[in-house]
Amino acid sequence: MNYLNVENISKSYGELVLFKNLSFSIHKDQKIAFVAKNGSGKTSILNILSGKDTPDEGQVVVRKGLRLAFLDQEPDLDPKLTIEETIFASDIPVLKIIEAYENALKNPEDTEAYQLAFEAMDRNNAWEFETQYQQTLSQLKLDDLSTKVSTLSGGQKKRLALAQALLSKPDILILDEPTNHLDLEMIEWLEDYFAKTQQTLFMVTHDRYFLERVCNEIIELDQGQLYTYKGNYSYYLEKKEARIENEAIETGKAKQLFKKELDWMRRQPKARTTKSKSRIDDFFEIKSKAHKRRKDHQVQLEINMERLGSKIIEFHNVSKAFKDKKILDGFDYTFKKGERIGIIGKNGTGKSTFLNLLTGSVQADGGKIVLGETVKIGYYTQGGITVKPQQKVIDVIRAYGDYIPLAKGRQISAQQLLERFLFDRKKQYDFVEKLSGGEQKRLYLCTVLIQNPNVLILDEPTNDLDIVTLNVLEDFLMDFPGVLLVVSHDRYFMDKIVDHLFVFRGDGVVDDFPGNYSDFRAYDSSQPKQAETIETTDNTKAIKQNEAAKLSYNEQKEYKNLESKIRSLELDKKALEAKFNNPELSQDEINKLSEELQVIIDTIEEKELRWFELSEKLEN
């Protein structure tokens with residue numbers, strides 16, 4: 001059943017054309033992800049679909065009587081209302097009936113009002129909805145309904161807006177970055193909920209596991225054209241690569257034909273027959289195809305990392321609490337070169353406080369934090385770049401100098417550096433406040449990296465970045481030789497770049513887990529539920545000391561890194577195998593790919609064998 005048609009919509013802001021003549025449809029039970037680079041107008045399209053904005057040209061035709069709900073990136077909630085008042089203020093008819101019944105219960109002496117409210121509940125089958133309403137709020141961890149919106153965290157506000165959207169029972173639910181500000185537990189609940197329900201979805205998200213497990217169709221806006229992929233994220237990657245390869249082949253054929261036709265055009269006499277005029281018309285179409293060029297520029301990340309000495313950062317018996325809430329309780333850790341640590345835990349367990357302790361913006365209550373003399377910290381915070389009124393993009397970078405030093409004694413101008421981060425010369429003179437959310441985050445990333453840190457701290461770096469930029473950032477971080485600490489709710493990102501985790505359990509307990517996020521989830525789900533609260537900090541320390549005694553320092557480091565390397569090799573293997581699907585491959589190219597694939601397979605087997613050796617040694 002067709003729900004909604006987008007017909008030739010266009011949107012511009014001054015001279016900036018976001019998109020032109022876009023058309024697509026949304027049908028019942030489709031779960032569609034919309035994918036495009038930052039600055040392409042993804043949020044504008046969602047605003048047009050939801051009715052918050054209108055296109056300059058074209059129209060959106062919605063089926064009569066259809067209900068739409070929109071979950072914005074930053075929900076607009078009334079800070080003066082409580083959670084319960086916010087829900088009841090929603091445009092949901094049955095909620096008004098439940099609200100009347102709740103008010104009647106508070107005034108039992110008014111028997112007539114109670115009877116009317118009770119009959120209305122029966123007539124509209126509101127009892128079942130009330131149960132669902134309470135269950136939904138409970139699942140979203142919104143238990144204290146009297147809490148004011150003004151006191152809620154970003155994640156709690158997102159959950160409240162999500163509750164509003166789900167309870168409205170929309171025919172189409174439109175989502176703009178639904179996983180932003182949610183903790184990992186809530187992301188996985190939402191992912192599971194959408195995967196199992198028949199809800200029709202249209203979303204923009206950078207969360208690739210979410211794309212993989214929830215979506216059954218992906219629409220991509222690429223260089224002004226829409227492409228539809230009837231599958232999940234893996235299917236999209238495979239088919240997109242094949243499409244780009246086919247486009248390159250077609251462009252090559254067009255160039256050959258263009259040369260031939262150009263020669264014919266030059267040799268033709270002035271008098272033209274009807275047949276030759278048709279060929280002339282075809283010539284200009286061939287010329288257009290032959291000169292078609294992909295603008296597939298990627299962010300180029302490069303830094304001149306400061307030398308890192310043997311002493312980096314040491315935590316000695318560090319404690320921190322806010323009133324009765326413990327963050328750290330006698331925490332000890334010595335950071336080593338090349339460490340890649342992911343930091344996970346429920347919202348409110350102290351992840352950001354830990355980073356602030358490390359950077360010195362918050363002081364510990366007890367213990368000592370020692371930084372080595374050569375340590376230079378780069379801190380990418382959730383807050384992002386500070387936008388100053390009338391400040392231009394180029395001015396942000398020139399604040400660090402007109403020329404920026406790179407590796408091996410080279411330097412680069414501020415303009416050239418911005419071009420590497422995909423800000424062309426025209427864009428460099430735009431006001432920062434006019435950039436999209438993703439473009440501002442990309443500019444902020446540039447300001448962090450040009451300071452040449454050797455300890456890089458990233459607090460939710462994936463929010464608002466497009467998938468192309470995320471892939472480039474991941475490749476850069478895989479090769480980053482310094483110390484890396486990452487707080488992220490992006491499970492795909494964490495799986496790819498970290499080799500062990502600090503798991504913030506709450507009440508001052510921090511576990512050091514040797515693996516990535518997927519490893520941790522597999523381990524954690526296999527543990528008895530009661531074990532989560534029984535294990536003490538002393539027991540945890542004893543276990544760590546026992547494990548450490550079985551492996552030397554170098555073996556411990558090797559063991560932690562092996563899993564990350566094996567996963568990276570598996571991704572390389574999968575990418576290489578996909579290239580064999582190209583029917584245009586010559587025998588020589590097939591032989592070369594086969595040799596490369598065999599090298600990767602042999603390396604994986606070698607790494608896995610070593611991993612098993614160390615595992616057995618650890619267990620014995």
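A residue counts as buried under 20% relative accessible area, as exposed over 50%, and as partly exposed in between, with a 1.4 Å probe and protein chains only. Strands (E, at least two residues) and helices (H or I, at least four) are DSSP runs numbered from the N terminus. The model is predicted: local features need pLDDT of at least 70, side-chain atom pairs count only at pLDDT 80 or more, and totals for chains, interfaces and linings use all residues. Residues are numbered from 1 along each chain as its sequence is written, and side-chain values use heavy atoms, leaving out hydrogens and water.

In strand β5 (residues 68-71), A69 and L71 point to one face and are buried, whereas L68 and F70 point to the other and are not. In a regular strand the side chains alternate between the two faces of the sheet. Two strands pair if DSSP finds at least two bridges between them.

| Strand pair | Bridges | Direction | Bridge partners |
|---|---|---|---|
| β5 and β6 (residues 172-176) | four | parallel | F70 and I174 |
| β14 and β17 (residues 455-459) | four | parallel | I377 and V455 |

Helix α14 (residues 437-449) packs on the sheet and touches β14 and β17, contact meaning heavy atoms within 4.5 Å. The direction of α14 makes about 170° with that of β14; axes are lines fitted to C-alpha atoms, for helices over the stretch in contact, and angles run from 0 to 180 degrees between N-to-C directions.

The open sheet has six strands in the order β14-β17-β18-β12-β19-β20, with mixed pairing. Because β14 (377-380) and β20 (509-513) stand at the edges with a single partner strand each, one side of each is left without a neighbour in the sheet.
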